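Work through the following exercises with the sequence and the coordinates side by side. Each task is followed by a solution that goes step by step.

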Amino acid sequence: TMSKNPSSLGRWMARLRGQAGMSQPELARRVGKRLGRKFAQSTIAGWELGSGFGNAEVLPALASELGVSIEDLLRVQQTSKGYVPRPDDELPPKRF
């Protein structure tokens, strides 16, 4: 389970989006294209403001468009005890 609060994850997602050089509308368009449906920029804005993250089905498309793993997107790391919050605040390298 994740112990990070939504506003912290939202700020993190905004940093990842900035690292990827994308605006909210561009990210929404690209995620929507991957999902095969319209995806609202207001959803991205809501996430970044900390209003939660909605449906988990979006995570693979979002991580892929941001060029990071799902673990990096959620700021967690896998350990022998399961997924735990990452201790650092450093942006991950783009993987894709």
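**Exercise 1.** Determine where Arg 37 lies, which residues Arg 37 touches beyond its sequence neighbours, and whether Arg 37 counts as buried, partly exposed or exposed.

*Solution.* Begin with the position in this predicted model: Arg 37 belongs to the loop between α2 and α3. Next, setting aside residues up to four places away in sequence, the contacts of Arg 37 are with Gly 32, Glu 57 and Val 58. Finally, the relative accessibility of Arg 37 is 37%, and because buried requires a value under 20% and exposed a value over 50%, Arg 37 counts as partly exposed.

**Exercise 2.** Describe how helices α2 and α3 pack, giving the angle, the distance between their axes and the residues that meet.

*Solution.* First locate the two elements: α2 covers residues 24–35, and α3 covers residues 41–48. Their axes are 8 Å apart and make an angle of about 115 degrees, and the crossing in which α2 passes α3 is right-handed. On the α2 side the contact is formed by Gln 24, Pro 25, Leu 27 and Ala 28, which meet Gln 41, Ile 44, Ala 45 and Glu 48 of α3. Sorted by character, the residues of this contact comprise five nonpolar, two polar and one charged.

**Exercise 3.** Identify the buried residues of α3 and of α4, and state which glycine with a positive phi comes after each helix.

*Solution.* In α3 the buried residues are Ile 44, Ala 45, Gly 46, Trp 47 and Glu 48; among them, Ile 44, Ala 45 and Glu 48 also take part in the contact with α2. Just after α3 comes Gly 50, with a positive phi of about 95 degrees. Helix α4, residues 59–66, is mostly covered, with six of its eight residues buried, namely Leu 59, Ala 61, Leu 62, Ala 63, Glu 65 and Leu 66. The residue that follows α4 is Gly 67, and its phi is likewise positive, near 75 degrees.

**Exercise 4.** Work out how strands β1 and β2 are joined, and how many bridges lie between them.

*Solution.* The strands comprise residues 76–79 for β1 and residues 82–85 for β2, they run antiparallel, and four bridges join them. The connection is a hairpin that passes through two residues, and Thr 79 stands opposite Gly 82 in β2. This pairing should be read with some care, since the mean confidence of β2, at 73, is the lowest in the protein chain, whereas α2 has the highest, at 97.

**Exercise 5.** Summarise the protein chain as a whole: its order of elements, its burial and its confidence.

*Solution.* Five helices and two strands make up the list of elements, and along the sequence they follow the pattern α-α-α-α-α-β-β. Of the 96 residues, 41% count as buried. Among contacts between residues at least 6 apart in sequence, 59% join residues at least 24 apart. The mean pLDDT of the chain is 83, with 81% of its residues reaching 70 or more.

Methods: Residues are numbered from 1 along each chain as its sequence is written. This is a predicted model: local features need pLDDT of at least 70, side-chain atom pairs count only at pLDDT 80 or more; totals for chains, interfaces and linings use all residues. Side-chain values use heavy atoms; hydrogens and water are left out. Two strands pair if DSSP finds at least two bridges between them. Axes are lines fitted to C-alpha atoms, for helices over the stretch in contact, and angles run from 0 to 180 degrees between N-to-C directions. A crossing is left-handed if the near helix is turned anticlockwise from the far one by less than a right angle, and right-handed if clockwise. Contact means heavy atoms within 4.5 Å. Ala, Val, Leu, Ile, Met, Phe, Trp, Tyr, Cys and Pro count as nonpolar, Asp, Glu, Lys and Arg as charged, and the others, Gly among them, as polar. pLDDT is the predictor's confidence in each residue, from 0 to 100. Buried means under 20% relative accessible area, exposed over 50%, partly exposed in between (1.4 Å probe, protein chains only).
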